[in-house]
Amino acid sequence: RYPLAHTVVWESRIFYSNTSNYVFVNKIAGLPTVPTVDNLRENVLNQVESIYSSNKLFVTTRIDSCTSGILIFAKSSQAAA
């Protein structure tokens, strides 16, 4: 489990969200980018999607759990292609 996901203020880690196609997120180390087999909630994608509750986001980049860095999520499947 990754309880760290619930302690992060995700709004402060999102930048350039006003673009029409992408959301850029500064990922912290120690948290998976996407859901895992045993944990569907404590990941960056789920936390950021909860902020954009009316929109599904699409993964365009992934970073290992132990690594920090910039993630790019697309706001549509066309932008993710």
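**Group meeting: a surface patch and strand β2**

Okay, let's start on the outside: Phe-15, Tyr-16 and Ile-70 make up a nonpolar patch on the surface, and together they have about 310 Å² of accessible area. Keep in mind that we're looking at a predicted model.

Take Tyr-16 from that patch. You'll find Tyr-16 in the loop between β1 and β2. Is it buried or exposed? Tyr-16 counts as exposed because its relative accessible area is 59%, and the cut-off for exposed is over 50%.

Now for the strands. Strand β1, residues 14-15, pairs with β2 in the antiparallel sense, over two bridges. Phe-15, which we just met in the patch, has Phe-24 in β2 as its bridge partner. And β2 has another neighbour to pair with: strand β4, residues 69-74, again antiparallel, over six bridges. Here, Val-25 is matched with Leu-71 in β4.

So which side chains of β2 are buried? Follow residues 22-27 and you'll see them alternate. Val-23, Val-25 and Lys-27 point to one face and are buried, while Tyr-22, Phe-24 and Asn-26 point to the other face and are not.

Last stop, Pro-32. Pro-32 sits in the loop between β2 and α1, the helix at 44-51. Pro-32 is buried, because its relative accessible area is 4% and buried means under 20%. What does Pro-32 touch, leaving out residues up to four places away in sequence? The list is Tyr-2, Lys-27, Glu-42, Asn-43, Val-44 and Ser-65. Lys-27 there is one of the buried side chains from β2. And for a sense of distance, Pro-32 and Asn-55 are 23 residues apart in sequence and 20 Å apart in space, going C-alpha to C-alpha.

Note on methods. Residues numbered from 1 in each chain as written. Predicted model: local features only at pLDDT ≥ 70, side-chain atom pairs only at ≥ 80, totals over all residues. Heavy atoms only, no water. Buried < 20%, exposed > 50% of the residue type's maximum accessible area, 1.4 Å probe, protein only. Helix = DSSP H or I, 4+ residues; strand = E, 2+ residues; numbered from the N terminus. Pairing = 2+ DSSP bridges. Patch = residues over 30% accessible without salt bridge, like charges linked within 9 Å, V, L, I, M, F, W, Y side chains within 5 Å. Areas by Shrake-Rupley, 256 points an atom, 1.4 Å probe, with all protein chains shown as cover. Salt bridge = Lys/Arg side-chain N within 4 Å of Asp/Glu carboxyl O. Contact = heavy atoms within 4.5 Å.
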